[in-house]
Amino acid sequence: MRSMLSFSKPYRFRKLSRHCLAVLLLLGLLAASFPRGSAATEAQMSDGTDALSNTHTFSNTSSMTIIDRTSGTATSTGASVFPSEINVSGITGNVEKVTVTINGFSHGWPDDVDVLLVGPTGRTVFLMSDCGANTSISEVGATLTFDDAAATAMPDTNPITSGTYRPANYAEERPMGTDTYPDPAPQEPYGTTLSVFNGTNPNGAWRLFVADDENSYAGYITSGWSITVTNAVTAQNTTAVTLPDSGTASLYPSTLNVSGLLGSVTAVTVYLNNFSHTAPDDVDLLLVAPGGRSVVVMSDVGGTTAVNNITLLLNDSAANSLPDSGMLTSGTFKPTDFEAGDTFPSPAPSSPPTGATLSAFNGINPNGAWRLYAVDDAGGNAGTISGGWSLLIATSSSACALNIAPLSQAFPITGGAGSFDLSSPFGCDW
């Protein structure tokens, strides 16, 4: 679908040389490509709901002792590991949802315990404070999951048992009113829901500060904690792609359809989910966008070292390319092609790739069929992309590439007239 520009009459050029017309067209294209004040936004589906979700779980299984507060101190006493950290990496896009699980929590007086989560950007939320009153939790320990969507909040005066809860801070209901953490924990104010992290960059250190704010009782977190981050992908095809020992894949192409996105593409990330192969160097992958632009996203990488169920995110802004002969590992990498010129059998396009980076898709209408062509170009080894593949597409309605029809016209040096139409992708507000 296209949004046509309206003019009172067609643009006409008289007594202009072809060189002048070319300059005018170029200026128009350049002007159309500049943003006009609004930031690029991550795409959403046409019905207004969030795009498809991708979840990533990271853990720190180290135990920690919840040390009894020292009498007479002005602040709470931090746990034996203060803070406990989890480093998140390799996630493209921003946070859509966060949940946290604490494994093996026990304490003689749970009301004493305060648990603060701090994200990589410095935002904070009290997961629990002054919960569970004085009913001790056994040495076996409880498994506590914190989720904004839970049916109930952490209990105030009732016993704490294993389960899923909304974060709760009852300290402000007490006579003292607040909790004071020792350094290096940040001080108040603190967030009250995990949604405080929504929209932030999930990559970096997540820190869990556990403290005891009263004396006489102690406790443990015996099995550490984990964090699950959900980000969004625009579209996915979860059907497995089988890579034979030679030739084209079982799905050739594997297709996913994108619809309802506004504006033009500003960034593309490709997810290859659960990739396995006995010699990754054999595998060539070509991504073709709606309209026909194409990029070889992976070719002749990883040598002959077998890999099993790794997840690769391919993004132009990654720090590193995929290795040539080194072993592939899960992570985020630039699209990489070590042997340009590989051919892909029909029905893949016979023309050379549009570019070597995913930015070759910038400026196009993202809606339509995206096709992934996979080929094994050597014999004797095989593999699969068992989880299929996904796309994360960012778009902008303020930096749209205009379409011009016809693309060229011939004019006499000394006169003549002509007209052309300018159109922009659906959702561009020109």
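This report describes the overall make-up of a predicted protein model, then its cores, two of its strands and two buried asparagines.

**Overall make-up**

The protein has 430 residues, and 46% of them are buried. Its secondary structure consists of 30 strands and one helix. Counting contacts between residues at least 6 apart in sequence, 76% link residues at least 24 apart. The exposed surface comes to about 19100 Å², of which carbon and sulfur atoms supply 52%.

**Nonpolar cores**

The largest nonpolar core contains 38 residues. Within this core, the residues with the most contacts are Leu 272, Phe 275, Leu 287, Met 298, Phe 361 and Trp 370. Several strands give two or more residues to the core, including β19 (254-258), β20 (264-277), β21 (283-288), β22 (294-299) and β23 (307-314). Also on that list are β17 (241-243), β26 (368-376) and β28 (389-396). Strand β20 provides the largest share, five residues. Another core lies apart from this one and has 36 residues, among them Ile 86, Leu 117, Leu 127 and Met 154.

**Strand β7 and its partners**

Strand β7 spans residues 97-107 and is mostly covered, with nine of its eleven residues buried. Two pairings of β7 are described here. With strand β15 (residues 225-233), β7 runs antiparallel and is joined by six bridges. With strand β14 (residues 219-221), β7 also pairs in the antiparallel sense, over three bridges. The table gives residues of β7 with the residues that stand opposite them.

| Residue in β7 | Residue opposite | Partner strand |
|---|---|---|
| Lys 97 | Thr 230 | β15 |
| Ile 102 | Trp 225 | β15 |
| His 107 | Gly 219 | β14 |

**Strand β15**

Nine of the nine residues of β15 are buried, so this strand is largely enclosed by the rest of the structure. In a regular strand, side chains alternate between the two faces of the sheet. In β15, Trp 225, Ile 227, Val 229, Asn 231 and Val 233 point one way. Ser 226, Thr 228, Thr 230 and Ala 232 point the other way, and the residues of both sets are all buried.

**Two buried asparagines**

Asn 60 is found in strand β3, which covers residues 52-60. Asn 60 counts as buried because its relative accessibility is 16%, and the cut-off for buried is under 20%. The side chain of Asn 60 makes a polar contact of 3.2 Å with the side chain of Ser 84. Leaving aside neighbours within four places in sequence, Asn 60 is in contact with Ser 84, Glu 85, Ile 86, Ser 223, Gly 224 and Trp 225. Two of these residues have appeared above: Ile 86 is among the residues of the 36-residue core, and Trp 225 stands opposite Ile 102.

Asn 315 is found in the loop between β23 and β24 (331-333). With a relative accessibility of 10%, Asn 315 also counts as buried. A polar contact of 2.3 Å joins its side chain to that of Ser 317. Strand β23, at one end of this loop, is among the elements that give two or more residues to the largest core.

Technical notes
Residues numbered from 1 in each chain as written. Predicted model: local features only at pLDDT ≥ 70, side-chain atom pairs only at ≥ 80, totals over all residues. Heavy atoms only, no water. Core = buried A, V, L, I, M, F, W, Y, C linked by side-chain atoms within 4.5 Å. Buried < 20%, exposed > 50% of the residue type's maximum accessible area, 1.4 Å probe, protein only. Helix = DSSP H or I, 4+ residues; strand = E, 2+ residues; numbered from the N terminus. Polar contact = N/O pair within 3.5 Å; in protein donor to acceptor, adjacent residues only side chain to side chain. Contact = heavy atoms within 4.5 Å. Areas by Shrake-Rupley, 256 points an atom, 1.4 Å probe, with all protein chains shown as cover. Pairing = 2+ DSSP bridges.
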